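User: Please go through the model below with me, one point at a time. I would like short answers that end on the name or value I ask for.

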Amino acid sequence: MATSEELMQRAVKVIPGGVNSPVRAFRNVGLTPRFIERADGPYVWDVEGNRYLDYVGSWGPMILGHNDPAVREAVQKACERGLSFGAATELEVQVAEYICQTVPHIDMVRMVNSGTEAVMSAIRLARGFTGRDKVVKFAGNYHGHSDCMLVAAGSGVMTAGVPDSAGVPAGCAQDTLTAVYNDLDSVHALFENNPGQIAAIIVEPVAANMGVVLPAEGFLEGLRALCDEAGALLIFDEVICGFRLAYGGAAERFGITPDLVTYGKIIGGGMPVGAFGGKREIMEQMAPVGPVYQAGTLSGNPIAMTAGLAQLVELHDHPEHYERLEAAGGRLFGGIQQLLDEVGAPCVLNHIGSLGSVFFTPDAVADYASAKASDTARFSEYFRFMLERGFYLAPSQFEAMFVSVAHTDEQIDQTLAAIREFLHA
Ligand code: KE4
């Protein structure tokens, strides 16, 4: 059996950085990534047979735990009927009906293959529906890697965005305006400076890509009001929050109705699925009915739909799963907060439900600037300490811990014991 080191030496020769997604390279923590060979329940095993309690959960999809029997058996059966047809299927109708019947703010939905694709399509739809070009996003929010979302704030918050990646033309960035998360004045200023030009605001209703940052009291309500006032659309990017913070996501948890919502991760049950949905009058602008084009060879793929539907049905029909997620998250994050208080550690913990992040900074983290003040070297020590003791955390200060239904109280207590040891080391 090859080791992770050996596999990484081979991988870097044929895959850029040895990985198919940069964060997996463990560069932020200065380690060779563990090559994972299998997973079950709350655990993953690397190629050397080391077992880890998994707090990444494939970055969110594995909310029921890995290898959930309901999802696995449905997929195994579906494979016998063929993997992909590139044609309309009854299953796609069932999935769309299920989502529209169970998520109040969705009249229509279109399936795609990733969160990036869902966001890219929703932005194009908002621009097509409103006839406007500009979009507001927030520093520290990540919405996938489509050109117009890889944008940083311009020199002043009022100016057009600047590319946040090589290869993104200024022309793609100039219509993306960047505001400060939890700062409604910064959003209001953009509307003032771009009257009648803003198609949409896109926001992570609970941010999880600068680490977890919760919306301040009134923040989401303020965005809703600003959009209503300006005739812009409010897009909730629920790729992480969707079906996690509640079955209806952050929209349900915070009681805010977005015009469009994007999904990924959980909606696929571990298979590559994204989706965007919302009000009928908006969604009917999509081809082939309306003028906004979007397409995908594997969109609505029968195996992916089978996995996603099995997971959504399991979550929707068993509300006790959400009770467990809240209880498990409360035990873990409540326990971590207690440890931080006990030790007086210069750390801040942000958490909600089964999502949370420990920031290695003594000051409150409410936006990107305060998140970036964290001591990433200290985070790396924490990450390595936990990995060596069999706890698999996201390899970056600016990601989240994901708790699943499969994590037991005993495993959570073992995690807390390891964190206590680290804080006292
Ligand atoms: P994907 O294209 O990776 O399926 O989704 C993009 C995306 C969109 N919106 C939000 C709020 C997201 O968090 C993501 C992707 N999340 C990251 C983890 N922070 C995926 C991990 C990775 O890039 O490998």
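**Helix packing, core and ligand site**

Analyst: What covers the buried residues of α2 includes α10. Contact here means heavy atoms within 4.5 Å, and buried means under 20% relative accessible area, exposed over 50%, partly exposed in between (1.4 Å probe, protein chains only). Helices (H or I, at least four residues) and strands (E, at least two) are DSSP runs, numbered from the N terminus. This is a predicted model, in which local features need pLDDT of at least 70 and side-chain atom pairs count only at pLDDT 80 or more, while totals for chains, interfaces and linings use all residues. Residues are numbered from 1 along each chain as its sequence is written, and side-chain values use heavy atoms, with hydrogens and water left out.

User: Which residues of helix α2 are buried?

Analyst: Helix α2 spans residues 69-79. Seen down its axis, the buried residues fall within an arc of 65° (taken from the directions from the helix axis to the C-beta atoms), so they line one face of the helix. These buried residues are V71, V75 and A78.

User: Which residues does I303 touch, not counting residues up to four places away in sequence?

Analyst: I303 lies in helix α10. I303 is buried, with a relative accessible area of 5%. The residues that I303 touches, with those up to four places away in sequence not counted, are V75, A78, C79, G82, L83 and M271.

User: Which helix gives the largest share of the largest nonpolar core?

Analyst: A nonpolar core is a set of buried Ala, Val, Leu, Ile, Met, Phe, Trp, Tyr and Cys residues joined through side-chain atoms within 4.5 Å. The largest one has 60 residues, and those with the most contacts inside it are M111, F138, I201, L223, F243 and I267. Its largest share is eight residues, from residues 302-317, which form helix α10.

User: Where does this core lie with respect to domain 1 and domain 2?

Analyst: The bounds, which come from an automatic or database domain assignment, are 4-67 + 319-424 for domain 1 and 69-317 for domain 2. Both domains give residues to the core, so it lies between them.

User: How far apart are the C-alpha centres of the domains, and how many residues does the contact take from each?

Analyst: The C-alpha centres of domain 1 and domain 2 lie 25 Å apart. The contact takes 32 residues from domain 1 and, from domain 2, 33 residues.

User: What is the phi of F243?

Analyst: F243 lies in the loop between β10 (233-237) and α8 (249-254). At 1% relative accessibility, F243 counts as buried. Most residues other than glycine have a negative phi, and most peptide bonds are trans. F243 has a positive phi, near 65°.

User: What is the omega of the cis peptide bond that joins A287 and P288?

Analyst: A287 is in the loop between α9 (280-283) and α10, and A287 is buried, with a relative accessible area of 11%. P288 has its place in the loop between α9 and α10. For the cis bond joining A287 and P288, omega is about 5°.

User: How far does a polar side-chain atom of N209 lie from a nitrogen atom of the ligand?

Analyst: A residue is near a molecule if one of its heavy atoms lies within 4 Å of it. Of the 16 residues around the ligand, S21, T116, N209, D237 and E399 come nearest. A polar side-chain atom of D237 lies 2.7 Å from a ligand nitrogen atom. For N209, the distance from a polar side-chain atom to a nitrogen atom of the ligand is 2.4 Å.

Note on methods
Polar contact = N/O pair within 3.5 Å; in protein donor to acceptor, adjacent residues only side chain to side chain.
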